[in-house]
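Trainee: Could you take me on a close look at the nonpolar interior of this protein? I'd love one connected walk through it, with some context about the whole chain first.

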Amino acid sequence: MRDEDTLREELVRTLRQLAARGLNRGTSGNASVRCGLGMLVTPTGIVPDQLTPQSMVLIDAQGECAPGALRPSSEWRMHWGILSRRADVYAVVHCHSRHATTLACAGKTVPSLHYMVAVGGRAEIPLAPYHPFGSEELAAAVVDTLQGGCACLMANHGQIVAATSLAQALAIAEEVEEQAALYWGTLAIGGPRLLSSLQMDGVLQRFRDYGQKGDRR
């Protein structure tokens, strides 16, 4: 496990990369990473260019911040809801990328139009029902929708990814946006030809053996 100072630096880089890759704008979006028995999460209302490692907010397992810390992201409950329920998850990234958010505002999932949809850990990228941002209800809805997967859309809101590292979460969020853009594009020309459940099961199996092995945290 990386030390706290390194995790703080990685959080800053992640938020700046979300903006640089066009996945976020302004102060929207947030990220977190497991740290000891609690988590580090980005603060609320600060644009990425103004973030520093010291800006990151440490929240303990009881949901308490250290005295003098900045206010955490309004979505910290959603992050902690995932981290506290999923031992396999070490980092969470939430963003308002354009095409994923467009589909979420239309009440659509991302179906199995391309094999890379499986990067989210399931045959489709599901949609969590709408609840106000920062609410306990939204946190519970996102956890329920993710189930054992690692990505979902959030109705009238954006997308969220749970992964083994911030780098992996960022990469999956970028791919979710790409798949959302492809689906959005196919809807303009009659809709996609979907891969079958059997075909997607085969993809998911191949993904389990794909890439380099070892601890990706």
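Mentor: Happy to! Let's settle one term before we start: a residue is called buried when its relative accessible area is under 20%, with a 1.4 Å probe. Please keep in mind that this is a predicted model. By that cut-off, buried residues make up 48% of the 217 residues in the protein chain.

Now for the chain that surrounds the interior. It has six helices and seven strands, and if you follow the sequence they come in the order α-β-β-β-α-β-α-β-α-β-β-α-α. The C-alpha atoms occupy a box of roughly 55 × 35 × 30 Å along the principal axes. The radius of gyration is 17 Å, which agrees with the value near 17 Å that a compact globule of 217 residues would have. Contacts tell you about the fold too: of those with a separation of 6 or more, 67% join residues 24 or more positions apart. On the outside, the accessible surface comes to about 10,700 Å², and carbon and sulfur atoms account for 51% of that.

With that in place, let's go inside. In soluble globular proteins, nonpolar side chains tend to be buried together. Here the largest nonpolar core has 40 residues, and V110, L153 and I172 have the most contacts inside it. Several elements give two or more residues to this core: the helices are α1 (4-20), α3 (98-105), α5 (166-187) and α6 (197-208), while the strands are β1 (30-35), β4 (91-95), β6 (151-154) and β7 (158-163). Helix α5 provides the largest share, eight residues.

I172 is a good place to pause. Setting aside its neighbours within four places in sequence, I172 is in contact with V119, C150, A151, V161 and A163. If you have the structure open, try centring your view on I172 and picking out those five partners one by one.

There is also a second, separate core, which has 21 residues, among them I59, W80, V92 and V143.

Finally, a charged residue worth a look is E10, in helix α1. Is E10 buried or exposed? E10 counts as buried, because its relative accessibility is 15%, and the cut-off is under 20%. Beyond residues up to four places away in sequence, E10 touches R2 and L166. As for charge across the whole chain, there are 20 positive and 21 negative charges, and their mean positions lie 5 Å apart.

Technical notes. Residues are numbered from 1 along each chain as its sequence is written. This is a predicted model: local features need pLDDT of at least 70, side-chain atom pairs count only at pLDDT 80 or more; totals for chains, interfaces and linings use all residues. Side-chain values use heavy atoms; hydrogens and water are left out. Helices (H or I, at least four residues) and strands (E, at least two) are DSSP runs, numbered from the N terminus. The radius of gyration is taken over C-alpha atoms; the globule rule is 2.2 Å times the number of residues to the power 0.38. Buried means under 20% relative accessible area, exposed over 50%, partly exposed in between (1.4 Å probe, protein chains only). Contact means heavy atoms within 4.5 Å. Accessible areas come from the Shrake-Rupley method with a 1.4 Å probe; for residues, only the protein chains shown count as cover. Lys and Arg count as positive and Asp and Glu as negative; His and the chain ends are not counted. The place of a charge is taken as NZ of Lys, CZ of Arg, CG of Asp or CD of Glu. A nonpolar core is a set of buried Ala, Val, Leu, Ile, Met, Phe, Trp, Tyr and Cys residues joined through side-chain atoms within 4.5 Å.
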